[in-house]
Amino acid sequence: MKKEDILDKGNEIEINLNFDGIDNDDLHLNITDDFVEVKARKQNAAARENEDYFISKKSFAEIYRKIIFPEKIDADETKTSFENGVLTIVAPKKNPKELP
């Protein structure tokens, strides 16, 4: 994960996380009123063969991230999207504070 943005947009909190190389099926979220947990898995396999040898390489990585919201959010109304390796979470605040 190379990039993380957490934005306070007044009535909602927006989180953008970069997960290059992760498939949608390998991304798992747990969203509560207090935090979001993101778990991701990345597995690569490559094989190369010629007359004299056979090479097989496998790599496996797990990513875990827990972000605590600065205010309580409404987990039931939270929207998520995952496009081009970027996970976006838009969470409406339960009791938004008025900004001066």
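Thr88 is buried, at 17% relative accessibility. The cut-off for this class is under 20% relative accessible area, so Thr88 falls inside it. The model is a predicted one. Thr88 belongs to strand S7, which covers residues 86-92.

The side chain of Thr88 has a polar partner. A polar contact of 2.9 Å joins the side chain of Thr88 to the side chain of Asn16. Beyond four places in sequence, Thr88 touches two groups of residues. Glu14, Ile15 and Asn16 are among them. Lys79, Thr80 and Ser81 are also touched by Thr88.

Asn16 lies in strand S2, residues 12-18. The relative accessible area of Asn16 is 14%, and this residue is therefore classed as buried. The polar contact thus links a side chain in S2 with a side chain in S7, and the residues at both ends are buried. Asn16 also touches residues beyond four places away in sequence. These include Lys3, Glu4, Asp5 and Leu7. Val86, Leu87 and Thr88 are likewise in contact with Asn16.

Strand S2 also pairs with strand S1. S1 spans residues 4-8, and the two strands run antiparallel over 5 bridges. One of the bridge pairs is Ile6 with Ile15, the latter in S2. Ile15 is also one of the residues touched by Thr88. S1 and S2 make a hairpin, with 3 residues between them. Gly10 sits in the turn and has a positive phi of about 85°. In a regular strand, side chains point alternately to the two faces of the sheet.

Ile55 gives a view of another part of the chain. Ile55 is found in strand S5, residues 54-68. The relative accessible area of Ile55 is 29%, so this residue counts as partly exposed. Outside its neighbours within four places in sequence, Ile55 contacts Ala46, Ala47 and Arg48. Gly10, the turn residue of the S1–S2 hairpin, is 45 residues from Ile55 in sequence. In space, the C-alpha atoms of Ile55 and Gly10 are 54 Å apart.

Aromatic rings were examined as well. The search of the whole structure gave 0 aromatic pairs. A charged side chain does sit over a ring. Lys66 lies over the face of Phe35, at 4.3 Å from the ring centre. Lys66 falls within the residue range of S5, the strand that also holds Ile55.

Methods: Residues numbered from 1 in each chain as written. Predicted model: local features only at pLDDT ≥ 70, side-chain atom pairs only at ≥ 80, totals over all residues. Heavy atoms only, no water. Helix = DSSP H or I, 4+ residues; strand = E, 2+ residues; numbered from the N terminus. Buried < 20%, exposed > 50% of the residue type's maximum accessible area, 1.4 Å probe, protein only. Polar contact = N/O pair within 3.5 Å; in protein donor to acceptor, adjacent residues only side chain to side chain. Contact = heavy atoms within 4.5 Å. Phe/Tyr/Trp six-rings, centres within 6.5 Å; stacked < 30°, edge-to-face > 60°. Lys NZ or Arg CZ within 6 Å of the ring centre and 35° of its normal. Pairing = 2+ DSSP bridges.
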